[in-house]
Amino acid sequence: ARKRDGKNGVQLFDNNMVDIARKRLETEQFIDQGLRDDWFTAYLQPIVCLSDGRVAGFEALMRLNHPERGLLPPAEIIGIAEENGSIGRIGDCILSKSIASLAVISKLDGLSDTYLAVNFSPLQFEPVLPNRLAALLLENGITPSRIVVEITEAVLMLDNPVVRDVLDALSELGCRIALDDFGTGYSSLSYLNRFPVDIVKVDQSFTRSLSSDQPDVRRKSRMLVEGIRTISHQMGCAVVAEGIETEEQWDILQAMNIEFGQGYLLSRPLPLDALLQKLDEFTMPARPPERLAAAS
Ligand code: C2E
Ligand code: MG
Ligand code: MG
Ligand code: MG
């Protein structure tokens, strides 16, 4: 019996390996074909001003829209795309599509000043990026100050001179830099000092803990978010809270003087058509809030 168990164990393990390899190969094929057949799209999620609910901007979130499998989320794509080198082409596709979408949105009443936040992988920080971005913006009639480049600490941790130069060039172009998922990585605070960061995005795990059932978790996460806010403001950065799902979280963050928020409570990430319909619901005029306008 022991032998059989052992054999089954080995078999199970082998099958898992095969499954993982097969899944990976499949994803690589989806990526290749997706780039050829135009399956990649940029969903957009509104980012609103917490004091009055006006739309301040949109975050572009990549989706691979497979004709049979439906939408594949970035979590299934990005790691593999970074490893096999296709992230550059995917990123460029998302960048050009989301900028084109912003140009469409800009024609709507009161939305001409809204910004676009785009996520970047470390590998996308190539020397050509600032010129490429500048060309796309010119083509679409968008000023660089309406672009927010979202990076995580993974980008800054590389401590690579090319990355540094590209970030500086993007900043000089007039784009703003947002530090994403703040508080979840390593030595976050020093990055605020060493890089041209304009916006801090409080990770959604903090937002979730703010409305925890456990009073102790609530109390402590409130202190953490207040601490992040205070430091960010003192460093001249605006703050965006991610992952707002409940009215309670909204109220807490608003009372804390956090300027901006995004989350399912307001809107899920949507394709452009659906977003344009949804935006009719946000009737208030959207001009860039003071802090952001001042930061640009
Ligand atoms: P992120 O930049 O922190 O984006 C926020 C994630 O939270 C998105 O997941 C969004 O759909 C999700 N989200 C928004 N509101 C809520 C909410 O209220 N509750 C919950 N539970 N989730 C919410 P998504 O779209 O799956 O993207 C995951 C991550 O993949 C992003 O995290 C970003 O790091 C990366 N990513 C997305 N698009 C791109 C891209 O075009 N390029 C690169 N390099 N990375 C991307
Ligand atoms: Mg982001
Ligand atoms: Mg984030
Ligand atoms: Mg995240």
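Which side chain does a polar contact of 2.5 Å join to that of R54? The partner of R54 is D52, and the two are shown in the first view below.

This is a predicted model, in which local features need pLDDT of at least 70, side-chain atom pairs count only at pLDDT 80 or more, and totals for chains, interfaces and linings use all residues. Residues are numbered from 1 along each chain as its sequence is written, chains are lettered from A and ligands numbered from 1 in the order in which they are written, and side-chain values use heavy atoms, with hydrogens and water left out.

**View 1. R54 and D52.** R54 is found in the loop between strands β1 (40-49) and β2; strands (E, at least two residues) and helices (H or I, at least four) are DSSP runs, numbered from the N terminus. The relative accessible area of R54 is 13%, and the residue is buried (buried means under 20% relative accessible area, exposed over 50%, partly exposed in between, with a 1.4 Å probe and protein chains only). The side chains of R54 and D52 make a polar contact of 2.5 Å (a pair of N or O atoms within 3.5 Å; within protein, one must be able to donate a hydrogen and the other to accept it, and residues adjacent in sequence count only if both atoms are side-chain atoms).

**View 2. The magnesium ion (ligand 2).** Its protein donors are E59 (OE), N119 (OD1), E150 (OE) and D180 (OD), at 2.0 to 2.2 Å (donors are N, O and S atoms within 2.8 Å of the metal, or 3.2 Å for Na, K and Ca; water is not among the atoms, so sites may look incomplete). Along the sequence these donor residues have the spacing E-x59-N-x30-E-x29-D. E59 lies in strand β2 (residues 55-66) and D180 in strand β6, so the pair ties together parts that are 121 residues apart in sequence. Both E59 and D180 are buried.

**View 3. The magnesium ion (ligand 3).** D180 (OD), D181 (OD) and E242, the last listed twice through OE, coordinate the magnesium ion (ligand 3) at 2.1 to 2.3 Å. The spacing of the donors along the chain is D-D-x60-E. D181 belongs to strand β6 (residues 176-182) and E242 to the loop between β8 (238-241) and α10 (247-255), so this pair ties together parts 61 residues apart in sequence. D181 is partly exposed at 26% relative accessible area, whereas E242 is buried at 9%.

**View 4. D180 between the two ions and ligand 1.** D180 bridges the magnesium ions (ligand 2 and ligand 3), which lie 4.2 Å apart. A polar side-chain atom of D180 is 2.8 Å from an oxygen atom of ligand 1. In the side chain of E245, an N or O atom lies 2.5 Å from a nitrogen atom of ligand 1. An oxygen atom of ligand 1 is 3.2 Å from a side-chain N or O atom of Q204.

**View 5. V239 in strand β8.** V239 has its place in strand β8 and is buried, at 0% relative accessibility. Its C-alpha atom is separated by 6.3 Å from that of F260, 21 residues apart along the chain. Leaving aside neighbours within four places in sequence, the residues in contact with V239 include V200, V202, I258 and F260 (contact means heavy atoms within 4.5 Å).
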